[in-house]
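Welcome! Here is a short guided tour for anyone meeting this protein for the first time. Please have the picture in view as you read.

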Amino acid sequence: MNHQETTPPHCYYFKFGLLVTGKTEEIHLNKLFKPLMELGNCSFEVIGKIEQLGVITSPRKKVKMVGSGQIIPTKDEERIGYPARKYLQKPCTYVILVDDLEYDRVEYAEQIFARYRRALDTILKTEKKRASVHFLVNRIEAYYFADAQAINQILGTSLQDYEGDVETIRHPKGDLKQLYRGFDEVEDGGKILEYLNVKYVLSNPDTCASLRTLFAWCLKALGKNLNDDQYQLRNGKLSEITKGQLDEDEVKG
């Protein structure tokens, strides 16, 4: 990985547009990026909630696409490619597609990533290096368990931090509902995100590979050195599926 700073010299403030698949993310995902916004040179905003995509397995659909000369399905163009292109028309902007990946879709994550990536690459031209795809595994609620004090603050529980890698928790939202009857993923989740300490969540280099890769991509887009230890970027675990987007040519604007 090239660790040189990549900030375009003409950009002093950056805007990140988020395409999300989850209900909580639609309203609250920008809160996850608080430590980056505290740098004072960027902002994050949700620009659309999209349908989760799966793997195209239907031979009939594949034949139809080939016969019509299509590279990607029309809905992928309309819901992902075109909104991304519109947002990226302005300079100093980036687009991040964030899929709230559930446990039963994890085994297909590589193919799902490829489909999202293809939707962006097909519609975008030179702008495609300013767009990326990332996963929250398994769902955004998993990361709450890495900073139990954030949960305790809102739900009045007395949990301890999850001992293993929270990205291996199968059904974190269901676990929260068992711990706290009436847990509302949007209302309560939004409040937890207010308190969630992302730097603490990423302080263990052996966990949270997908989330760390997301933050690494954002920091690289901002021109920051990826040797920074705040998020364990130097030696921390990265996602085998999404880390390829950290190549220098795929990030700098």
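## Starting at H134

Let us begin with one residue and its surroundings. Leaving aside neighbours within four places in sequence, H134 is in contact with I96, L97, V98, D99, T213, L214, W217, T242 and Q245. H134 itself sits in strand β4. Is H134 buried or exposed? Because its relative accessibility is 0%, under the 20% cut-off, H134 counts as buried.

Another residue to find is L101. Between H134 and L101 there are 9.4 Å in space, C-alpha to C-alpha, and the two are 33 residues apart in sequence. L101 stands opposite V137, a residue of β4.

## The overall plan

Now step back to the whole chain, keeping in mind that this is a predicted model. The protein holds 10 helices and four strands. Following the sequence, you meet them in the pattern β-α-α-β-α-α-β-α-β-α-α-α-α-α.

Of the 253 residues in the protein, 51% are buried. Take the contacts with a separation of 6 or more: 75% of them are between residues 24 or more positions apart.

## The sheet and its helices

In what order do the strands of the open sheet lie? The four strands are arranged as β2-β1-β3-β4, with parallel pairing. β2 (residues 42-49) and β4 are the edge strands, each pairing on one side only. From one strand to the next, the twist averages 30°. The pairing of β3 (residues 93-101) with β4 is parallel and runs over seven bridges.

Helix α4, residues 74-87, packs on this sheet and touches β1 (14-20), β2 and β3. The direction of α4 makes about 165° with that of β1. Helix α5, residues 109-123, lies across β3 and β4. Relative to β4, α5 runs at about 150°.

## The largest pocket

Next, look for an opening in the protein. The largest pocket has about 290 Å³ of space. It is lined by 17 residues, and those closest to its centre are V106, V137, E167, A209 and S210. Which elements give two or more residues to this lining? They are β4 (131-137) and α10 (209-221).

The lining residues of the largest pocket can also be sorted by character: nine are nonpolar, four are polar and four are charged. V137 is worth a second look, since this residue is among those closest to the pocket centre and also stands opposite L101.

## Helix α6 and N152

Our last stop is helix α6, which covers residues 148-155 and includes N152. Which residues of α6 are buried? They are A148, A150, I151, N152 and L155. Among the elements that cover these buried residues are α7 (172-179) and α8 (187-195). After α6 comes G156, which has a positive phi, near 75°.

Why does N152 count as buried? Its relative accessibility is 11%, and buried means under 20%, so N152 falls in that class. Not counting residues up to four places away in sequence, N152 touches T157, S158 and L159.

Conventions
Residues numbered from 1 in each chain as written. Predicted model: local features only at pLDDT ≥ 70, side-chain atom pairs only at ≥ 80, totals over all residues. Heavy atoms only, no water. Buried < 20%, exposed > 50% of the residue type's maximum accessible area, 1.4 Å probe, protein only. Contact = heavy atoms within 4.5 Å. 1 Å grid on protein atoms, 1.4 Å probe; cavity = no way out; pocket = protein on both sides within 12 Å on 5 of 7 lines; lining within 4 Å. Points joined across faces, edges and corners; volume = space filled by probe spheres on them. Nonpolar A, V, L, I, M, F, W, Y, C, P; charged D, E, K, R; others polar. Pairing = 2+ DSSP bridges. Axes fitted to C-alpha atoms, helices over the stretch in contact; angles between N-to-C directions.
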